[in-house]
Amino acid sequence: MEDININHIYAVLEQLIDDNECSFDHHGYCQEHGWMDKSTCPHALAKEILKGENLTCKWTLTDDDQNLWETECDGLFILESDSPKENKMEFCCYCGKKLVI
Ligand SMILES: [Zn+2]
Ligand SMILES: [Zn+2]
């Protein structure tokens with residue numbers, strides 16, 4: 001196994017969950033996903049988890065002269081030239097999330 005980070009887990013979770021809404025019967029069981037238990041249907045739980053997670057890291061240019069970029073996860077990065085996109089940086093080198101500008 002290659003090194004697994006939390007973002008990979010979220011990505012897998014996203015694939016696994018069913019898009020259909022849960023439909024609970026009077027027992028509180030989820031009919032849609034065949035969840036015959038009083039605890040919350042795992043599809044509903046997984047959606048909750050993914051909703052609360054920000055899967056991207058936004059980079060903002062803070063200093064034009066230095067080409068200094070500030071990352072959403074509180075990192076600072078100086079690029080030789082151009083933007084992270086032009087430097088083909090797809091993921092934040094600090095937190096590993098998808099880099100967006
Ligand atoms: Zn369900
Ligand atoms: Zn980051």
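In what order do the strands of the open sheet lie? The legends below take up this point within a predicted model.

**Figure 1. Overall view of the predicted protein chain and its two domains.** The chain is divided into domain 1, residues 6–52, and domain 2, residues 56–100. Taken over C-alpha atoms, the centres of domain 1 and domain 2 are separated by 34 Å. The C-alpha atoms fill a box of roughly 65 × 30 × 20 Å along the principal axes. The radius of gyration is 20 Å, whereas a compact globule of 101 residues would have a value near 13 Å. Of the 101 residues, 8% count as buried. Among contacts with a separation of 6 or more, 31% are made by residues 24 or more positions apart.

**Figure 2. Secondary structure of the protein chain.** The chain comprises 2 helices and 4 strands. Read from the N terminus, these elements follow one another as α-α-β-β-β-β. Helix α1 covers residues 6–16, and strand β1 covers residues 56–63. Strand β2 spans residues 68–71.

**Figure 3. The open sheet of 4 strands.** The strands lie in the order β3-β2-β1-β4, and their pairing is mixed. The edge strands are β3 (76–78) and β4 (98–100), each of which pairs on one side only. On average, neighbouring strands of this sheet are turned by 35° against each other, direction ignored.

**Figure 4. Pairing of strands β1 and β2, with the hairpin between them.** Strands β1 and β2 are antiparallel and are paired over 4 bridges. Within this pairing, Thr-60 stands opposite Glu-70 of β2. The hairpin has 4 residues between the strands. Asn-67 is located in the loop between β1 and β2. Its phi is near 55°, a positive value in a residue other than glycine. For comparison, most residues other than glycine have a negative phi. Asn-67 is partly exposed because 15 other C-beta atoms lie within 10 Å, a count between the limits of 12 or fewer for exposed and 20 or more for buried.

**Figure 5. Pairing of strands β2 and β3, with the turn at Asp-74.** Strands β2 and β3 run antiparallel and are joined by 3 bridges. Two of the residues of β2 can be followed across to their partners: Leu-68 has Ile-78 of β3 as its bridge partner, and Glu-70 has Leu-76 of β3. The two strands form a hairpin with 4 residues between them. Asp-74 is placed in the loop between β2 and β3. Phi of Asp-74 is near 70°, and this positive value occurs in a residue other than glycine. Asp-74 counts as exposed because it has 8 C-beta neighbours inside 10 Å, and 12 or fewer is the limit for that class.

**Figure 6. Surroundings of Thr-71 in strand β2.** Thr-71 belongs to strand β2, residues 68–71. Leaving aside residues up to four places away in sequence, Thr-71 touches Cys-57, Trp-59, Phe-77, Cys-92 and Tyr-94. Is Thr-71 buried or partly exposed? Thr-71 is partly exposed, because 19 other C-beta atoms lie within 10 Å and a buried residue requires 20 or more. The C-alpha atoms of Thr-71 and His-8 are 20 Å apart in space, with the two residues 63 apart in sequence.

**Figure 7. Glu-14 in helix α1.** Glu-14 is located in helix α1, which comprises residues 6–16. Its surroundings contain 14 other C-beta atoms within 10 Å, and Glu-14 is therefore partly exposed. Gly-34 stands 20 residues from Glu-14 along the chain, and 19 Å separates their C-alpha atoms.

Notes:
Residues numbered from 1 in each chain as written. Chains lettered and ligands numbered in written order. Predicted model: local features only at pLDDT ≥ 70, side-chain atom pairs only at ≥ 80, totals over all residues. Domains from an automatic or database assignment. Rg over C-alpha atoms; globule rule 2.2 N^0.38 Å. Contact = placed C-beta atoms within 7 Å. Pairing = 2+ DSSP bridges. Axes fitted to C-alpha atoms, helices over the stretch in contact; angles between N-to-C directions.
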